[in-house]
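Open your viewer, get comfortable, and keep the selection tool at hand. We will go from stop to stop, and at each one you will hear what to select and what is there.

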Amino acid sequence: MALMRMLLSLIALWTPAVTAAIHFLLVGTFSSNSIYTLSFDDETNQLTGLANTSTPVGSSWLTLSTRKPCTAPRGTSSPPPSSAMRWRTLASPSRTKRPFWRGGDCTGSAIFVLAAVDPPYTVYGNLYYRDARCGTVFSTDSDTGALVDGGGSGIVQNYTYDLPGSAVHGMTWSAAVANVVYSADTGGNAIWTHSRDKDTGALIPVDKLVLPTDERGGHCGPRHIAAHRQGLYLYVVCEASSKIIQLCLDSDEFQTPHTTDNEWPLLRSGDDEADFWADEVLMSASGDFMWASNRAHDSSRQGYVSMFALWPDGDVVAQMFLQETTTSGGFANAIAPSPFDDRIAALTENVTGSVEIWRMADDGQSASVVAHLDIRDGGGCCANVVWYS
Ligand SMILES: *[C@@H]1O[C@H](CO)[C@@H](O)[C@H](O)[C@H]1NC(C)=O
Ligand SMILES: *[C@@H]1O[C@H](CO)[C@@H](O)[C@H](O)[C@H]1NC(C)=O
Ligand SMILES: *[C@@H]1O[C@H](CO)[C@@H](O)[C@H](O)[C@H]1NC(C)=O
């Protein structure tokens, strides 16, 4: 009760940072060759499809270059300028016409891509399935941020994750220390810490934390990882055990995380973790909250969205709610917190093919769908969504 009062006062203290505006989003597709541009009006909750841009391949994951021009007009309905289309699509070699080939000697498919937030603006690509130990560091044009083309010459570094079964599905930069990156190694059941050479962008291994197995010998299967802005806590979404686990970093040594005993389920009691494969964890706009999502294997079931309130140091105050999603999520149910309002997040699914906007209720005890847009293109849409503005 005391905790809930604290939580509510935390929410009451929160005031929206922006007034009504139009925001733009980009949505990727798994198997159809499009990227969709949407707009969202945060006053009327109108979610609108604006453009269908053909791409040479589908995209398992979209990430925006941090070099995007910050000029998307707010409060107007004009779409982002075409120069905004500087997303990074890491192509799966088996499907691609004009690929930026991943380097190294692996047979996996491209699954995830992360752009550097500091110069040089190198791009980091990971593989999944089959032999997926290889990571690739791509160089970019320093003016445009575009990937540098040309059969291997655009590759700064090929590096490997060397645990049995290593397959990294997510990376995140430390939010407190420049040039430190954490990788969630689903197959190796580990979190890797690398430092980044600030001249070349190449990664240097620092440490790996193999996560403990549970009492039944089950793995976490870390899929994605979120870093709190204070640099003291990391949160990992466990795909295999459908929970969020907390890692802690020492204040004088930010680079090596260790596990804490704190974890939160992304399942309801009675659910079998084998029926789910948890998907995402990300900080809200201010870092005072955290969003997470789970998806069900069976497309007739439903997945979950959850939200957490965080203390200023990044520790968890409370898991606020765990709520069923419209569909199982298919391969997605990827939640994307908005960059302008802690209470608003976008969610994708590829069972029916849609993007939804979710909004936390004022009492912080639930969230609801305030906008839904069907994008039916035969099971390709929707993979993940990024907020352009
Ligand atoms: C990375 O691997 C690719 C493909 O095997 C190769 O063409 C390229 O030369 C390698 N680059 C570096 C920097 O090791
Ligand atoms: C987008 O365009 C592609 C190529 O023309 C098409 O196959 C796809 O169905 C379109 N998507 C939607 C939602 O109409
Ligand atoms: C969702 O995408 C995955 C990956 O491309 C695909 O295997 C699956 O069939 C899609 N789901 C639906 C319902 O089309």
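The tour below visits a sheet, two ligands and one strand residue.

Before you start: this is a predicted model, in which local features need pLDDT of at least 70, side-chain atom pairs count only at pLDDT 80 or more, and totals for chains, interfaces and linings use all residues. Residues are numbered from 1 along each chain as its sequence is written, chains are lettered from A and ligands numbered from 1 in the order in which they are written, and side-chain values use heavy atoms, with hydrogens and water left out.

**Stop 1: a sheet**

Select residues 168-173 and 203-210. These are strands S10 and S13, the edge strands, each pairing on one side only. They belong to an open sheet of 4 strands, ordered S10-S11-S12-S13 with antiparallel pairing. From one strand to the next, the twist averages 25°. (Strands are DSSP runs of E, at least two residues, numbered from the N terminus; two strands pair if DSSP finds at least two bridges between them; angles run from 0 to 180 degrees between the N-to-C directions of axes, which are lines fitted to C-alpha atoms.)

Next, add residues 180-185 and 190-196: these are S11 and S12, joined in the antiparallel sense over 6 bridges. Click on Tyr182, and you will find Thr193 of S12 opposite.

**Stop 2: ligand 2**

Select ligand 2 and show what surrounds it (a heavy atom within 4 Å): Ser34, Tyr36, Asn52, Ile375, Arg376 and Asp377. A polar side-chain atom of Tyr36 sits 2.8 Å from a nitrogen atom of the ligand, while one of Asn52 is 2.3 Å from an oxygen atom of ligand 2. On its own, ligand 2 has 360 Å² of accessible area, of which the protein covers 43% (Shrake-Rupley method, 1.4 Å probe).

**Stop 3: ligand 1**

Which residues are around ligand 1? Select them: Gly103, Gly104, Ile155, Val156 and Asn158. In the side chain of Asn158, an N or O atom is 2.5 Å from an oxygen atom of ligand 1. The protein covers 48% of the 360 Å² of accessible area that ligand 1 has on its own.

**Stop 4: Val113**

Finally, select residues 109-115, strand S6, and pick out Val113. Is Val113 buried or exposed? Val113 is buried, because its relative accessible area is 2% (buried means under 20%, exposed over 50%, partly exposed in between, with a 1.4 Å probe and protein chains only). Now add Ser60, which is 53 residues away along the chain: the two C-alpha atoms are 9.1 Å apart.

Terms used:
A polar contact is a pair of N or O atoms within 3.5 Å; within protein, one must be able to donate a hydrogen and the other to accept it, and residues adjacent in sequence count only if both atoms are side-chain atoms.
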